[in-house]
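Me: I would like to go through some of the labels attached to this model and ask what each one rests on.

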Amino acid sequence: MLQFRLIVPADRTGAATELITATVGATHLTVLKGAALDPPGDVVTCDVAREAADPLLTGLRRLGLEEDGLIAVDSVDMTLSRRSDAAERAAPGEGADAVLWDSMAHLTEEESTLTVTYLAFLSVATMLAAYGVMLDSSILIVGAMVVGPEFGPLAGICTGLILRRTRLVRQSAKALVIGFLTAMLVTGAFGALLDLLGLFSRSQFDRPHPATQFIWQPTADSFVVALLAGIAGMLSLTSAKSGALVGVAISVTTVPAAANAALALSYTSWHEVLGSAWQLALNLAGIIVAGLLTMLIQKQVWHQQRKRTAAAAKR
């Protein structure tokens, strides 16, 4: 269940409560007249089954609550109520399949903002991957994959394209490009410093790396894995099952490829630079293509579900 908390201008409270009452899957409606002071208005709360939340959210936004009041949506971990159980049974579809598109836009916008924290995480992940390459350590490579925050901007690009929000697409692309360029520059400087300290060396970079050579030797499998990771990642975000994102992070080779490219540049190993860049491009493209297709299918399936529900309600 989800809980909606609204601040509604007094002249629109009736319309808001009618909309909530007419929503199959909404229950526990509460109205506190004049309880809101900033902005002034009535406080309205209700519980809504996840699968009924998106159309209700759309209707509330059409009432102008986003501009003149408040729409806050929180997840409810546990609800002990027969009315809640009945609301979830009555709501169309399954909660795990429902997508809150406005929530997706908000989440991906937050995760794809170019911030100091984002740059720090990506840089640390890339430096960690560089150490993994030099030590030929698959454990360090996996650790770097988990730390990397690059899936947020990738999801932002997909969400922005699906919802036709060009600002989100631009913001996400900016975070992705500037983030990887910054991380690679920092990693190159990091590698040069460790080379001066005697911890890295050209011979160490040139020796065989059987555990990590896949990073700069992309194959068709790289693109297929990226496609599967993109599907899993989007399903994880849209279904609010964020735990699956760890597995997605471990599946893709974006951060290690950027790290190896940075090291290869510093040691002028041009064939590894090219191979790493190709690996990075394949992974980014695969995730974006898979994410777009996944969200398009989800949108179409949910649209058909809503049409069937509306037709059944008219009978």
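**Labels and their grounds**

Reply: Gladly, and please keep in mind throughout that this is a predicted model. To begin with one residue, Asn260 is buried, with a relative accessible area of 2%.

Me: Why is Asn260 called buried?

Reply: Buried means under 20% relative accessible area, and because Asn260 has a value of 2%, the label applies. Asn260 belongs to helix H13, residues 254-266, and, leaving aside residues up to four places away in sequence, touches Val133, Phe205, Ile215, Trp216, Glu272 and Ser276.

Me: What makes Ile71 partly exposed?

Reply: The class lies between the limits of 20% and 50%, and Ile71, at 22% relative accessibility, therefore counts as partly exposed. Ile71 sits in strand E4, residues 70-75, and its C-alpha atom is 6.9 Å from that of Ile7, although the two are 64 residues apart along the chain.

Me: Why are helices H1 and H2 called roughly antiparallel?

Reply: Helix H1 (residues 13-22) and helix H2 (residues 50-62) pack at an angle of about 165°, with their axes 10 Å apart. Angles over 145 degrees count as roughly antiparallel, so H1 is roughly antiparallel to H2. Their contact is made by Ala16, Leu19 and Ile20 of H1 together with Leu56, Gly59 and Leu60 of H2, which by class gives five nonpolar, one polar and no charged residues.

Me: How do you know that the span of helix H11 agrees with what is expected?

Reply: At 1.5 Å a residue, the 19 residues of H11 (residues 220-238) should span 27 Å, and because the end C-alpha atoms are 28 Å apart, the two values agree.

Conventions
Residues numbered from 1 in each chain as written. Predicted model: local features only at pLDDT ≥ 70, side-chain atom pairs only at ≥ 80, totals over all residues. Heavy atoms only, no water. Helix = DSSP H or I, 4+ residues; strand = E, 2+ residues; numbered from the N terminus. Expected span 1.5 Å × (residues − 1). Buried < 20%, exposed > 50% of the residue type's maximum accessible area, 1.4 Å probe, protein only. Contact = heavy atoms within 4.5 Å. Axes fitted to C-alpha atoms, helices over the stretch in contact; angles between N-to-C directions. Parallel < 35°, antiparallel > 145°, perpendicular 65-115°, else oblique. Nonpolar A, V, L, I, M, F, W, Y, C, P; charged D, E, K, R; others polar.
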